[in-house]
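Welcome! Here is a set of short exercises, each with a worked solution, to help you find your way around a new structure. Try each task by eye before you read on.

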Amino acid sequence: MKIIRLNEVEFFVKHTLKDKLQKDLRNLQILKEADAECCIYYHLRKTLKPDPNWRVFARKFSPKTGYYTDLVIYHRLKPRIAIEIKWRRKEISKKDRRSLASTRDNLGVKKTYFYCIMPDASLYEKVSDKKEGEPYRLFERVVGLDYVSKQEIGEYKRQRKEFRV
């Protein structure tokens, strides 16, 4: 059994996961929010599989917070990381911010992540007025295609359209 430390999981969620999701987006594995949730869940399960002390729960409702959180990562019986996922949003909503703050305050989650998946990541505006503690506990990750040429963007749109029947 391999032991996976919390800092390794945090590094994966903060950095490595973004690259994996961009690849999924480019390969048309993600067409909407539910697809993004499935892809993140898949990558997390695959990464955490060697250590049976880690668990990932999707659409986790907590009576303590009153909110559903898209993904919550547990180490043993403690929730450690919460992830909220959105498709094509220009910013984090007040509701999502409240939900993640409630998860931090009431469940004891130390780090929260807001993942926004969208073809053009330049349209996203990160929060500029983070409250006390948020700069170290709320991380916004934006995943885009990062295509430069109009030809690449046009080809992506054409291929994506084929799946939207």
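**Exercise 1. Find how β4 and β5 run beside each other, and how many bridges join them.**

Solution. Start with direction: β4 and β5 run parallel. Next, count the links, and you should reach six bridges between the two strands. Keep in mind as you look that this is a predicted model. To fix one pair in view, pick Phe 114, whose bridge partner in β5 is Glu 140.

Now turn to the other partner of β4. With β3, β4 again pairs in the parallel sense, over seven bridges. A good pair to mark here is Trp 87 with Ile 117, its bridge partner in β4.

**Exercise 2. Decide whether strands β4 and β5 are enclosed or open.**

Solution. The test is simple: a residue counts as buried when its relative accessible area is under 20%.

- Step one: take β4, residues 111–117, where six of the seven residues are buried. The strand is therefore largely enclosed by the rest of the structure.
- Step two: take β5, residues 138–143, where six of six residues are buried.
- Step three: look at the two faces of β5. Leu 138, Glu 140 and Val 142 point one way, while Phe 139, Arg 141 and Val 143 point the other way. The residues on both sides are buried.

**Exercise 3. Describe the hairpin formed by β1 and β2.**

Solution. First, the pairing: β1 (54–62) and β2 (67–75) run antiparallel and are joined by eight bridges. One pair to locate is Phe 57 and its bridge partner in β2, Val 72. Second, the turn: four residues lie between the strands, and Gly 66 among them has a positive phi of about 80°.

Third, look at Thr 65, which is also found in the loop between β1 and β2. Is Thr 65 buried or exposed? Its relative accessibility is 11%, so Thr 65 counts as buried. The side chain of Thr 65 reaches the backbone nitrogen of Tyr 67 at 3.1 Å. Farther along the sequence, beyond its neighbours within four places, Thr 65 is in contact with Ser 102, Thr 103, Asn 106 and Leu 107.

**Exercise 4. Work out which residues Tyr 41 touches outside its own stretch of sequence.**

Solution. Begin by placing Tyr 41 in helix α2. Then set aside its neighbours within four places in sequence; the contacts that remain are Val 56, Ala 58 and Leu 71. Take Val 56 as an example: 15 residues separate it from Tyr 41 in sequence, and the C-alpha to C-alpha distance is 7.2 Å. Finally, check accessibility: at 27% relative accessible area, Tyr 41 is partly exposed.

**Exercise 5. Compare the settings of Leu 28 and Arg 88, each a residue other than glycine with a positive phi.**

Solution. Take Leu 28 to begin with. Its phi is near 60°, and it sits in the loop between α1 (6–26) and α2 (33–48). With a relative accessible area of 14%, Leu 28 is buried.

Now take Arg 88. Its phi is near 55°, and its place is the loop between β3 (78–87) and α3. Relative accessibility is 46% for Arg 88, so this residue counts as partly exposed.

**Exercise 6. Describe what lines the largest pocket and the second largest pocket.**

Solution. The largest pocket holds about 370 Å³ of space. It is lined by 18 residues, and those closest to its centre are Arg 97, Arg 98, Asp 129, Lys 131 and Glu 134. Two elements, α3 (94–107) and α4 (134–137), each give two or more residues to this lining, and α3 gives the most, with six. Sorted by class, the lining has 13 charged, three nonpolar and two polar residues.

The second largest pocket has a volume of about 310 Å³. Of its 15 lining residues, the closest to the centre are Arg 88, Met 118, Pro 119, Asp 120 and Lys 157. By class, this lining divides into eight nonpolar, six charged and one polar. Arg 88 may look familiar: it is the loop residue from Exercise 5 with a phi near 55°.

Terms used. Residues numbered from 1 in each chain as written. Predicted model: local features only at pLDDT ≥ 70, side-chain atom pairs only at ≥ 80, totals over all residues. Heavy atoms only, no water. 1 Å grid on protein atoms, 1.4 Å probe; cavity = no way out; pocket = protein on both sides within 12 Å on 5 of 7 lines; lining within 4 Å. Points joined across faces, edges and corners; volume = space filled by probe spheres on them. Nonpolar A, V, L, I, M, F, W, Y, C, P; charged D, E, K, R; others polar. Buried < 20%, exposed > 50% of the residue type's maximum accessible area, 1.4 Å probe, protein only. Polar contact = N/O pair within 3.5 Å; in protein donor to acceptor, adjacent residues only side chain to side chain. Contact = heavy atoms within 4.5 Å. Pairing = 2+ DSSP bridges.
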